[in-house]
Amino acid sequence: MSVPLADRVIQLAYDPGITPKGGGLPGLVVLKNVVNSINMFGIIAVVGALAVSLGVWAWGHHTGGHQAEANGKKGAVVAAGAALGLGAANGIVAFFSGLGSQVH
């Protein structure tokens, strides 16, 4: 017994009615605190990495060590990108979650 194509399309388009909801599971507050702490740890680590990279960049520049200078520059750019990503993580997830909820 074959199912008509229109019925298969309707089955694919069925909305199960599931949406994100806070407070449904125990431990959600603890999980948020853990993620916030991980984000803060990452930001502190990036500050340290940026300071070291800038120091290597300056040392390489003043001693004529072109390899050290280049590595310091790369480290500074990577640290700045990591800081951007950590700071924007919540907004990026919210943006794409909003886009995903618009798909019908």
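## Buried residues of helix α3

In this predicted model, helix α3 has five residues that count as buried, each with under 20% relative accessible area. These buried positions are A68, E69, G72, A76 and A79. The element against which the buried residues of α3 pack is helix α2, residues 28–63.

## Pairing of α2 and α3

The axes of α2 and α3 approach to within 7 Å, and the angle at which they cross is roughly 160 degrees. Angles over 145 degrees count as roughly antiparallel, and α2 and α3 are therefore roughly antiparallel to each other. The crossing of these two helices is left-handed.

## Length and kink of α3

Helix α3 covers residues 66–101, a run of 36 residues. From its first C-alpha to its last, α3 reaches 50 Å, which is close to the 52 Å expected at 1.5 Å a residue.

Helix α3 also contains a kink of about 55 degrees. The centre of this kink is A88.

## The chain as a whole

The protein chain contains three helices and zero strands. Read from the N terminus on, its elements follow the order α-α-α.

The protein chain has 104 residues, and buried residues make up 9% of them. Among the buried residues are A68, E69, G72, A76 and A79 of α3, which pack against α2.

Definitions and conventions
Residues are numbered from 1 along each chain as its sequence is written. This is a predicted model: local features need pLDDT of at least 70, side-chain atom pairs count only at pLDDT 80 or more; totals for chains, interfaces and linings use all residues. Side-chain values use heavy atoms; hydrogens and water are left out. Helices (H or I, at least four residues) and strands (E, at least two) are DSSP runs, numbered from the N terminus. The expected span of a helix is 1.5 Å times one less than its number of residues. The bend at a residue is the angle between axes fitted to the seven residues ending there and the seven starting there. Buried means under 20% relative accessible area, exposed over 50%, partly exposed in between (1.4 Å probe, protein chains only). Contact means heavy atoms within 4.5 Å. Axes are lines fitted to C-alpha atoms, for helices over the stretch in contact, and angles run from 0 to 180 degrees between N-to-C directions. Angles under 35 degrees count as roughly parallel, over 145 as roughly antiparallel, 65 to 115 as roughly perpendicular and the rest as oblique. A crossing is left-handed if the near helix is turned anticlockwise from the far one by less than a right angle, and right-handed if clockwise.
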